[in-house]
Amino acid sequence: MEEQKHKRRIHYSGKYPKKFEEKYKEHNPQKYADTVAHVIEKGSTPAGMHISIMVKEILDFLQIQPGQQGLDATLGYGGHTRRMLEQLNGNGCIYGLDVDPIESEKTTKRLRDLGFDENRFQFRLTNFANIDEVASEAGKFDFILADLGVSSMQIDNPQRGFSYKIDGPLDLRMNPNKGSSAAQRLREITKEEFVGMLIENSDEPYAQEIAEKVFFRMSRGAAMDTTTELREAIEAALVYLPKDERAEAVKKSCQRTFQALRIDVNSEFEVLYAFLDKLPSVLKPGGRVAILTFHSGEDRLVKRAFKEGYQNGIYSEICRDVIRPSAQECRMNPRAKSTKMRWAVRSTSDLSTVD
């Protein structure tokens, strides 16, 4: 048998690796724990990892007890799931849902390697809009968590196209095997539809200017297939702004434009509507749910659903004020800054109205 050749490590120029694929130490936290700890201490997220947000606040509210059954509606890197599983102390089960076949496979393996077998952790490759289907198989849940943010593993990987800062295909799909990419969507819609998307999904103040520039370039045969091409179109659209304001305006408009496309490509508002509508029917009497949101559109939907549920007697308690991460957490993990947490407790009466 021919001897397999040794695969050499990627080399990089300079003292520290800059590209995602070059950060081999950060991709292997078990072997290079010191390097990973140093990156986190600096307030950065190691490549290929995700730092879970508001863990203490979530656990304090959910009050998980051994023997309970829970649901992590958005598995991601599995950091929240791991901490919730630890609260069960070997007695109980958590179901994890995710639509990303790439990252969910890695996360499931990590949890299995930590000793959480199928009696303790069950994974389903499905959208969290389908919680009713999961509950019909598993039964109702004592606690549910939904973290609506995009995982750092997706943001940092240039092949996923989630970040305007890194050149890569303009994709933005949570599941890259289904649906249209962001680049395809731009070819399918009209300029007016793009303006509406930017306003509705991200309150973009320069929606008209950005759409004009993007579609002008496309009409002249220019591609809009990469993150860099879209970022450059946004930069060109805002070139008329005063120089001392331009850099910050471009940065924020890039963030909002990519957010608007991501929401559209993944039907995020429609999915959240379905999840919130089905949520009471899958919670046990007295069951608890915590939801983390990352932009005002999501937060408005969650706030409204919880308020209406409380007024209709579906929830016995809801949080009156949004909960935010501590200043210390935001310093350690800048990606936590925009996080808002809301919670609700399922009523123990009048359950027939939503079953």
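Q: Where is Q63, and what is its phi?
A: In this predicted model, Q63 comes just after helix α2 and takes a positive phi of about 50°.

Q: OK, and which residues of α2 itself are buried?
A: Helix α2 covers residues 55-62, and its buried residues are V55, I58, L59, F61 and L62.

Q: How are those buried residues of α2 arranged when you look down the axis?
A: Seen that way, the buried residues of α2 fall within an arc of 165°, so they line one face of the helix. It helps to remember that an α-helix has 3.6 residues a turn, so residues three or four places apart point the same way.

Q: What do the buried residues of α2 pack against?
A: They pack against one helix, α3 (79-88), and against the strands β4 (141-147), β5 (283-293) and β7 (340-346).

Q: Back to positive phi for a second, what is the usual sign?
A: Most residues other than glycine have a negative phi. N89 is not a glycine and yet has a positive phi of about 55°, and its place is in the loop between α3 and β2. D203, also a residue other than glycine, has a positive phi near 55°, and D203 sits in the loop between α8 (191-202) and α9 (207-219).

Q: Are N89 and D203 buried or exposed?
A: N89 is exposed, with a relative accessible area of 64%, whereas D203 is partly exposed, with a relative accessible area of 46%.

Q: New topic: how much space is in the second largest pocket?
A: About 800 Å³ of space lies in the second largest pocket.

Q: And which residues lie nearest its centre?
A: The second largest pocket is lined by 42 residues, and those nearest its centre are D98, V99, N127, F128 and M174.

Q: Which element gives the largest share of that lining?
A: The largest share of the lining of the second largest pocket comes from α12, which supplies four residues. The elements that each supply at least two residues of this lining are α3, β2 (93-98), α6 (152-156) and α12 (268-282).

Q: Last one, E298: where is it, and what does it touch?
A: E298 lies in helix α13, which covers residues 296-311. Leaving aside residues up to four places away in sequence, E298 touches L148, E268, F269, L272 and T293.

Q: What is the nearest side chain of opposite charge to E298?
A: That is R262, which is 4.5 Å away, and E298 is buried yet has no salt bridge. A salt bridge here needs a side-chain nitrogen of Lys or Arg within 4 Å of a carboxyl oxygen of Asp or Glu.

Definitions and conventions: Residues numbered from 1 in each chain as written. Predicted model: local features only at pLDDT ≥ 70, side-chain atom pairs only at ≥ 80, totals over all residues. Heavy atoms only, no water. Buried < 20%, exposed > 50% of the residue type's maximum accessible area, 1.4 Å probe, protein only. Lys, Arg positive; Asp, Glu negative; His and termini not counted. Contact = heavy atoms within 4.5 Å. Arc of directions from axis to C-beta. 1 Å grid on protein atoms, 1.4 Å probe; cavity = no way out; pocket = protein on both sides within 12 Å on 5 of 7 lines; lining within 4 Å. Points joined across faces, edges and corners; volume = space filled by probe spheres on them.
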